[in-house]
Amino acid sequence: MKIPSCQLYLISPLDVGGDFPEHLQSALEEGPVAAFQFRVKNIEQDEALRLAIPLKEICDAHDVAFIVNDDVALTKQLGADGVHLGQGDEALKDARAELGDQVQIGITCHDSRHLAMEAGEGGANYVAFGAFFPTETKETHYRPEVDVLQWWSNIMEIPCVAIGGITTDNCQLLVDAGADFLAVSGSVWNDPKGPAHAVKRFTEILSAE
């Protein structure tokens, strides 16, 4: 299958217990999906590990990169493919020293070209801009212009991720601007027809490029 120029990057809901593994399985079967970010908050490390292991197994079975949000120690413990760090999280340099060169490190850069350049020059594997649209997934204070994606793709080879309120109705603007990945959460897991339906719709849009 030809890999689209812009790929899908799923971010988990905060609650990944219960029947979520089945939802993830069905979503990945409708791929391709490039990556899945495990994003849980305010739980003990042992519990996070317990929840993450079966999800990583599902991702591994579908050749989907498993990315841990904000937690370098959990990334290392799981043998995850990568970690996503915010500006207030563990420094990129420290994370790289801890995880080595084979682990992917992504950095949140909000709406800042300066932060993105710093991350790129510091060895990040991708930078993330957002939130481009209103979102209820997390509180946001930044709203970048779409042209930041075009600017980045014109000057850097490091991929950029667009995040924040992305749906099948508004994503084309970001794809056209040069986003390498669309990071989506609520629009997939809260789809009234189910996550598989949402991923299928995104896949149809991205495959048309």
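Reader: How many bridges join strand β6 to strand β7, and in which sense do the two run?

Author: Happy to start there, with the reminder that this is a predicted model. Strand β6 covers residues 126-130 and strand β7 covers residues 160-163. Val127 stands opposite Cys160 in β7, Ala128 opposite Val161, and Phe129 opposite Ala162. The two strands run parallel, and the number of bridges joining them is 4.

Reader: In what order do the strands close into a barrel?

Author: The barrel is built from 8 strands, with parallel pairing. From one strand to the next, the twist averages 25 degrees. The order is β1-β2-β3-β4-β5-β6-β7-β8.

Reader: What stands opposite Phe129 in β6 on the β5 side?

Author: Strand β5 (residues 104-110) pairs with β6 in the parallel sense over 4 bridges. The chain gets from β5 to β6 through helix α5 (residues 113-121), in a right-handed β-α-β crossover. In that pairing, the residue opposite Phe129 is His110.

Reader: Which residue of β8 stands opposite Ala162?

Author: β7 pairs in the parallel sense with strand β8 (residues 181-184), over 3 bridges. Together with helix α7 (residues 171-177), β7 and β8 make a right-handed β-α-β unit. The residue of β8 opposite Ala162 is Leu182.

Reader: How many of the residues of β6 are buried?

Author: Let's take the two faces in turn. Tyr126, Ala128 and Gly130 are buried on one side, and Val127 and Phe129 are buried on the other. Strand β6 is thus mostly covered, and the count of buried residues is 5 of 5.

Reader: Which helix gives the largest share of the largest nonpolar core?

Author: This core has 63 residues, and those with the most contacts inside it are Leu10, Phe36, Phe38, Phe66, Phe129, Leu149 and Leu182. The largest share is 7 residues, and it comes from helix α2 (residues 45-61).

Reader: Which residues does the second, separate core include?

Author: That second core is made of 10 residues. Ala128, one of its members, stands opposite Val161 in β7. The residues it includes are Ala35, Ala128, Val161 and Ala183.

Reader: At about what angle does α2 run to β2?

Author: Helix α2 lies across two strands, β2 (35-38) and β3 (65-69). Its angle to β2 is about 175 degrees.

Reader: Which residue of helix α8 does Phe36 touch?

Author: Leaving out residues up to four places away in sequence, Phe36 touches Leu10, Ser12, Phe20, Leu24, Leu55, Cys59, Val64, Ala65, Phe66, Ile67 and Trp189. Helix α8 (residues 186-189) holds one of these. The residue is Trp189.

Reader: What is the geometry of the aromatic pair formed by Phe20 and Trp189?

Author: There are 7 aromatic pairs in the count. Here the chain brings together Phe20 in helix α1 (residues 20-29) and Trp189, 169 residues apart. The centres are 4.8 Å apart, and with 65 degrees between the planes, against a cut-off of over 60, the pair counts as edge-to-face.

Reader: Are Phe20 and Trp189 buried or exposed?

Author: The two join Phe36, Phe38 and Phe66 in one aromatic cluster. Buried means under 20% relative accessible area. Phe20 has 4% and Trp189 has 13%, so both count as buried.

Reader: Which peptide bonds are cis?

Author: Most peptide bonds are trans. One cis bond leads into Pro32, in the loop between α1 and β2, with omega near 20 degrees. Another, with omega about 15 degrees, leads into Ala131, in the loop between β6 and α6. The bonds are Gly31 to Pro32 and Gly130 to Ala131.

Reader: His110 has a positive phi; is this residue buried or exposed?

Author: Phi of His110 is about 55 degrees although it is not a glycine, and the residue sits in strand β5. Asn42, in the loop between β2 and α2, also has a positive phi, near 60 degrees, and is exposed at 82% relative accessible area. For His110 the relative accessible area is 18%, so the residue is buried.

Reader: What distance separates the C-alpha atoms of Glu139 and Asn154?

Author: Glu139 is in the loop between β6 and α6 (147-155), and is exposed with a relative accessible area of 66%. Asn154 is 15 residues apart from Glu139 along the chain. Their C-alpha atoms are separated by 30 Å.

Methods
Residues are numbered from 1 along each chain as its sequence is written. This is a predicted model: local features need pLDDT of at least 70, side-chain atom pairs count only at pLDDT 80 or more; totals for chains, interfaces and linings use all residues. Side-chain values use heavy atoms; hydrogens and water are left out. A nonpolar core is a set of buried Ala, Val, Leu, Ile, Met, Phe, Trp, Tyr and Cys residues joined through side-chain atoms within 4.5 Å. Buried means under 20% relative accessible area, exposed over 50%, partly exposed in between (1.4 Å probe, protein chains only). Contact means heavy atoms within 4.5 Å. Two strands pair if DSSP finds at least two bridges between them. Axes are lines fitted to C-alpha atoms, for helices over the stretch in contact, and angles run from 0 to 180 degrees between N-to-C directions. A crossover is right-handed if, with the strands pointing away from the viewer, the path from the first strand over the helix to the second runs clockwise. Rings of Phe, Tyr and Trp (its six-membered ring) pair if their centres lie within 6.5 Å; planes under 30 degrees apart count as stacked, over 60 as edge-to-face and the rest as tilted.
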